Amino acid sequence: MPFSRSLTVVGCHSEGEVGDVITGGVLDVPGKTMYEKLAHISTKYDHLRQFLLNEPRGRSSMNTNLLLPPCDPRADAGFLIMESEEYAPMSGSNLICTTTVLLETGMIPMKEPVTELALDTAAGLVTVTAECEAGKCKTVEFNNVPAFVFELDFKVQVPGIGEVSVDIAYGGMMYVLVDAASVGLKVDNSHARQLIEIGERIKRAVEASYTAVHPENPGVKGFSVLEYTEPIKIEDGVKVAVNTVVVSPGRFDRSPCGTGTCARLAVMHARGEIAEGEVFKHRSIIGTEFICHIRGTSMVGDYKAVLPTVKGRGWITSFKQIVLDSTDPFPEGFRVGDQWHMAPN
């Protein structure tokens with residue numbers, strides 16, 4: 001067969017968000033750290049992301065993870081996160097998918113009832129505890145990198161909307177957080193089009209007026225994700241809230257969003273809304289849930305930070321061989337406006 005490329009991929013999702021994992025067909029990437037590897041692949045090898053995530057092989061609502069040897073000697077494996085528009089330094093749902101695939105395929109030996117491991121990410125080392133039973137990875141809990149707040153109640157003028165108050169925080173990615181009700185919306189599929197369009201407008205307005213730069217890695221800056229929040233409620237004595245994250249180029253994270261959850265924990269802690277060790281359940285637009293808490297505090301540069309821990313679940317959905325026919329006219333795929341939404345200017 002005239003195939004010019006063949007990749008082995010394990011399909012997986014975490015609480016609804018697709019995070020497929022490449023297990024074969026890609027050699028190691030140059031770099032002394034995972035962030036350097038991210039920078040290399042994004043500038044020298046981006047056709048791989050386009051090939052896998054664009055149509056006809058991919059779709060807007062999915063991610064793909066590339067397993068690589070770790071750079072940090074404490075780590076069991078490394079991985080890079082490929083999303084529709086970028087390479088995320090860290091992603092909770094993608095880490096859960098990657099851990100599930102590593103353990104359930106035997107790439108890292110599964111120990112029952114608990115497997116402990118560490119993964120090297122472009123955001124730093126993340127330690128993981130997986131509950132395992134009968135060959136199944138039942139839950140994945142990860143201790144994320146520090147999360148912190150840049151701005152609370154930052155005011156921005158949004159064309160066609162007016163003044164909007166947002167929070168700006170880092171949870172492994174840079175986030176703009178906005179109360180959905182403050183712009184007349186609700187986190188619900190019936191508001192989907194407005195949530196996407198207004199979210200993209202707010203995101204671009206914040207980008208034009210504020211530049212968030214990670215104090216320890218100036219390469220991590222700018223925004224690609226916006227988180228709509230709903231008010232905190234109490235259920236059975238536990239704090240619970242709904243959110244949805246708008247991911248470029250304009251679609252919802254199907255999961256409760258791991259790094260978005262960490263950014264929200266940082267905002268909640270800065271406002272005195274949650275204490276260390278207090279359980280918080282974060283829910284997605286489809287009703288799935290991450291269970292989380294703050295395990296401690298630290299400093300990142302001059303910013304007060306929290307140490308967030310998040311627990312969720314992942315499920316393998318497929319084992320597949322992705323190929324490129326040498327005569328295929330779309331070696332890097334394509335995008336069509338009905339699915340690859342962008343908000344109007």
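Biologist: How many cavities of 30 Å³ or more does a search of the whole structure find?

Modeller: The search finds one. About 80 Å³ of space lies in the largest cavity. Among its 15 lining residues, Glu83, Ser91, Val247, Asp253 and Cys257 are the closest to the centre. This is a predicted model, where local features need pLDDT of at least 70 and side-chain atom pairs count only at pLDDT 80 or more, while totals for chains, interfaces and linings use all residues. Residues are numbered from 1 along each chain as its sequence is written, and side-chain values use heavy atoms, with hydrogens and water left out.

Biologist: What makes a space a cavity, as against a pocket?

Modeller: Both are sets of points on a 1 Å grid over the protein atoms alone: in a cavity a 1.4 Å probe fits but cannot get out, while a pocket is open, with protein on both sides within 12 Å along at least five of seven lines, and a lining residue has an atom within 4 Å of a point. The volume is the space filled by probe spheres set on the points, joined across faces, edges and corners.

Biologist: How do you know where the largest cavity lies with respect to the domains?

Modeller: Look at who lines it. Domain 1 (3-143 + 316-325) and domain 2 (147-311) both give residues to the lining, so the largest cavity lies between them. Those bounds come from an automatic or database domain assignment. Helix H3 (92-104) and strand E16 (238-247) each supply at least two lining residues; helices (H or I, at least four residues) and strands (E, at least two) are DSSP runs numbered from the N terminus.

Biologist: What classes of residue make up the lining of the largest cavity?

Modeller: Six are nonpolar, five polar and four charged. Here Ala, Val, Leu, Ile, Met, Phe, Trp, Tyr, Cys and Pro count as nonpolar, Asp, Glu, Lys and Arg as charged, and the others, Gly among them, as polar.

Biologist: And the largest pocket: how much space lies in it, and which residues are closest to its centre?

Modeller: The largest pocket holds about 380 Å³. Of its 17 lining residues, Ile196, Gly250, Arg251, Phe252 and Arg254 are the closest to the centre. Helix H4 (192-209) and strand E17 (251-252) are the elements that give two or more residues. H4 has the largest share, three residues. The lining splits into five nonpolar, seven polar and five charged residues. Domain 1 and domain 2 each give at least three residues to this lining.

Biologist: How far apart are the domain centres, and how many residues are in contact?

Modeller: The C-alpha centres of domain 1 and domain 2 are 23 Å apart. Contact (heavy atoms within 4.5 Å) links 27 residues of domain 1 with 28 residues of domain 2.

Biologist: How do you know whether Cys132 forms a disulfide with Cys137?

Modeller: Set the distance against the rule. A disulfide is a pair of cysteine sulfur atoms within 2.5 Å. Cys137 has the sulfur closest to that of Cys132, at 4.7 Å, so this is too far for a bond. Cys292 is in no disulfide either: its nearest cysteine sulfur, in Cys262, is 7.3 Å away. The count comes to zero disulfides.

Biologist: Why is Cys132 called buried, and Gln157 exposed?

Modeller: Buried means under 20% relative accessible area, exposed over 50%, and partly exposed in between (1.4 Å probe, protein chains only). Cys132 is at 4%, so it counts as buried. Cys292, at 1%, is buried too. Gln157 has 55%, so it is exposed. Gln157 sits in strand E9 (residues 147-158). Beyond four places in sequence, Gln157 touches Gly162, Glu163 and Ala205.

Biologist: What makes Lys136 partly exposed?

Modeller: Its relative accessibility is 24%, so it falls in the middle class. Lys136 lies in strand E8 (residues 136-143). Its C-alpha is 9.1 Å from that of Trp315, which is 179 residues away along the chain. Contacts of Lys136 beyond four places in sequence include Thr100, Glu104 and Trp315.

Biologist: What is notable in the backbone of Ala134 and Asp236?

Modeller: Phi. Ala134 has phi near 55°, a positive value in a residue other than glycine. Phi of Asp236 is also near 55°. Ala134 is in the loop between strand E7 (124-133) and E8, and Asp236 is in the loop between strand E15 (233-235) and E16. Ala134 is exposed at 72%, and Asp236 is exposed at 83%.

Biologist: Which form does the peptide bond from Ser248 to Pro249 take, cis or trans?

Modeller: It is cis, with omega near 10°. Pro249 is in the loop between E16 and E17. The bond from Glu112 to Pro113 is cis as well, with omega near 10°.
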